[in-house]
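Visitor: I'd like a close look at one part of this model: the helix that carries the salt bridges. Could you walk me through that part?

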Amino acid sequence: MAKTQLNVRVDEDTARAARERALARGMSVNRYIEELVRQDAGETGRTFVEAAADFMRQYESVFTEEFGEARGTGAGDGRR
């Protein structure tokens with residue numbers, strides 16, 4: 001995968017913390033920051049799915065009223 005260079009400015013305490021944590025994990029600061037961003041992006045996706053599930057729980061009765069009883073996908077309900 002091609003790499004793109006980013007330049008960021010942080011205060012000295014943040015820079016020190018990044019260096020220390022990267023060193024403790026045995027990786028470069030670049031790799032450490034890259035991993036943090038990937039984790040954050042994954043968390044965002046997980047948060048979206050949780051919010052969508054919560055929405056469906058809250059409005060399940062509205063969907064049932066409008067469209068009828070929930071229908072399975074065939075997995076685990078004896079149908080194929």
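Guide: Here is a walk along helix H2, with its salt bridges, its surface patch and the pocket it helps to line. Keep in mind that this is a predicted model. The protein chain has 2 helices and 0 strands, and H2 covers residues 29-67. Buried residues make up just 6% of the 80 residues in the chain, and about 7700 Å² is exposed, with 53% of that coming from carbon and sulfur atoms.

Now for the charges. The structure holds 7 salt bridges, and a few of them sit within H2. Take Glu35 and Arg31: their side chains meet at 2.9 Å, N to O. Because they are 4 residues apart in H2, about one helical turn separates them. Glu35 counts as partly exposed because its relative accessibility is 22%, and Arg31 is also partly exposed, at 42%.

Arg38 and Glu34 make another pair, with their closest N and O atoms 3.0 Å apart. Here too the spacing in H2 is 4 residues, about one turn of the helix. Arg38 is partly exposed at 45% relative accessible area, while Glu34 comes in at 24% and is partly exposed as well. These two pairs don't stand alone: Lys3, Arg31, Glu34, Glu35 and Arg38 are linked in a network of salt bridges.

Further along the helix, Arg57 bridges to Asp54, with the closest N and O atoms 3.8 Å apart. That pair is 3 residues apart in H2, so about one helical turn lies between them. Arg57 counts as exposed, since its relative accessibility is 57%; Asp54, at 33%, is partly exposed.

There's a greasy side to the story too. Phe55, Met56, Tyr59, Val62, Phe63 and Phe67 form a nonpolar surface patch, together giving about 580 Å² of accessible area. Phe67 lies in H2 and counts as exposed because its relative accessibility is 55%.

Last, the pocket. The largest one has a volume of about 690 Å³. It is lined by 19 residues, and those closest to its centre are Leu6, Val29, Asn30, Ile33 and Glu34. Helices H1 (12-24) and H2 are the elements that give two or more residues to this lining, and H2 gives the most, with 7. By type, the lining divides into 10 nonpolar, 4 polar and 5 charged residues. Notice Glu34 turning up again: it is one of the residues closest to the pocket centre, and it also belongs to the salt-bridge network.

Conventions: Residues numbered from 1 in each chain as written. Predicted model: local features only at pLDDT ≥ 70, side-chain atom pairs only at ≥ 80, totals over all residues. Heavy atoms only, no water. Patch = residues over 30% accessible without salt bridge, like charges linked within 9 Å, V, L, I, M, F, W, Y side chains within 5 Å. Areas by Shrake-Rupley, 256 points an atom, 1.4 Å probe, with all protein chains shown as cover. Salt bridge = Lys/Arg side-chain N within 4 Å of Asp/Glu carboxyl O. Buried < 20%, exposed > 50% of the residue type's maximum accessible area, 1.4 Å probe, protein only. 1 Å grid on protein atoms, 1.4 Å probe; cavity = no way out; pocket = protein on both sides within 12 Å on 5 of 7 lines; lining within 4 Å. Points joined across faces, edges and corners; volume = space filled by probe spheres on them. Nonpolar A, V, L, I, M, F, W, Y, C, P; charged D, E, K, R; others polar.
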